[in-house]
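Good morning, everyone, and thank you for making the time. I would like to walk you through one model, slowly, and I will try to say at each step what we are looking at.

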Amino acid sequence: MDKSAPEPAPAAAAEEVAARFRSLVDPDDVASIRQTQHLILGRLQDSNAVLTHFNEYSEQCFAEVSGDFASKTRLLKSMKADLEHIFTKLRGMKARLAATYPDAFPDGAMSKTMDQRPDLESPLD
């Protein structure tokens with residue numbers, strides 16, 4: 001029987017593999033990479049703190065003005081409904097005037113003045 005060399009213990013084999021990996025990489029390069037990573041980590045933590053503060057401030061500002069926005073939005077919607085009602089009444093009055101006094105309005109003049117309000121739903125040019 002051939003006696004082969006005894007197998008090293010698993011801990012010794014792991015040490016040997018680790019030592020060979022360490023010999024492949026320059027320790028100065030590893031230290032430089034670690035220093036750069038540490039610097040980047042510090043910058044990211046600072047950025048995270050600034051963004052967290054900004055988010056808290058934005059949330060506070062939004063809480064302060066959201067009630068005003070909601071009330072102003074309701075007011076504008078109410079005003080729009082009121083104006084639409086007024087314009088509907090005015091169009092009806094103009095139509096009745098044109099029907100009652102056809103001679104007071106030359107042909108085509110009433111159609112031009114019937115509805116001259118801008119379309120508020122269309123985007124601005």
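How many helices and how many strands does the chain have? The chain has three helices and zero strands, and if you read along the sequence you meet the pattern α-α-α. Please keep in mind throughout that this is a predicted model, so let me begin with confidence, where a cut-off of 70 in pLDDT is used for local features.

Averaged over the chain, the pLDDT is 85, and 78% of the residues score at least 70. Within the chain, confidence is highest in H2, at 94, and lowest in helix H3, residues 109-113, where the mean is 59.

Let us turn to helix H2, which runs over residues 27-100 and therefore has 74 residues. From its first C-alpha to its last, H2 reaches 101 Å, which is close to the 110 Å expected at 1.5 Å a residue. Where does H2 bend? The bend is at Val65, and the angle there is about 40°.

Helix H1, at residues 10-24, can be checked in the same manner: at 1.5 Å a residue its 15 residues should span 21 Å, and because the end C-alpha atoms are indeed 21 Å apart, the two values agree. H1 is also hardly covered, since the count of buried residues among its 15 residues is zero. For the chain as a whole, 1% of the 125 residues count as buried, and about 11,800 Å² is exposed, with carbon and sulfur atoms supplying 61% of that area.

Next, the charged side chains, where the structure holds two salt bridges. One of them joins Glu16 and Arg20, with 2.8 Å from N to O, and both residues lie in helix H1, four residues apart, which is about one turn of the helix. Are these two partners buried or exposed? Glu16 counts as partly exposed because its relative accessibility is 41%, whereas Arg20, at 56%, counts as exposed, the cut-off for exposed being over 50%.

The salt bridge in H2 links Glu84 with Lys80, and the closest N and O atoms there are 3.9 Å apart. Because Glu84 and Lys80 are four residues apart in helix H2, about one helical turn separates them. Glu84 has a relative accessibility of 36% and so counts as partly exposed, and Lys80, with a relative accessible area of 34%, is partly exposed too.

Finally, which residues form a nonpolar patch on the surface? They are Val17, Phe21, Leu24, Val25 and Val30, and together they have about 490 Å² of accessible area. The largest share of this patch, three residues, comes from H1, while Val30 has its place in helix H2. Val30 counts as partly exposed because its relative accessibility is 37%.

To gather this up, we have a predicted model with three helices and zero strands, in which H2 bends at Val65, two salt bridges are present, and a nonpolar patch includes residues such as Val17 and Val30. Thank you for listening, and I am happy to go back over any part.

Technical notes:
Residues are numbered from 1 along each chain as its sequence is written. This is a predicted model: local features need pLDDT of at least 70, side-chain atom pairs count only at pLDDT 80 or more; totals for chains, interfaces and linings use all residues. Side-chain values use heavy atoms; hydrogens and water are left out. Helices (H or I, at least four residues) and strands (E, at least two) are DSSP runs, numbered from the N terminus. The expected span of a helix is 1.5 Å times one less than its number of residues. The bend at a residue is the angle between axes fitted to the seven residues ending there and the seven starting there. Buried means under 20% relative accessible area, exposed over 50%, partly exposed in between (1.4 Å probe, protein chains only). Accessible areas come from the Shrake-Rupley method with a 1.4 Å probe; for residues, only the protein chains shown count as cover. A salt bridge is a side-chain nitrogen of Lys or Arg within 4 Å of a carboxyl oxygen of Asp or Glu. Patches are made of residues with over 30% relative accessible area and no salt bridge: like charges are joined within 9 Å, nonpolar side chains (Val, Leu, Ile, Met, Phe, Trp, Tyr) within 5 Å. pLDDT is the predictor's confidence in each residue, from 0 to 100.
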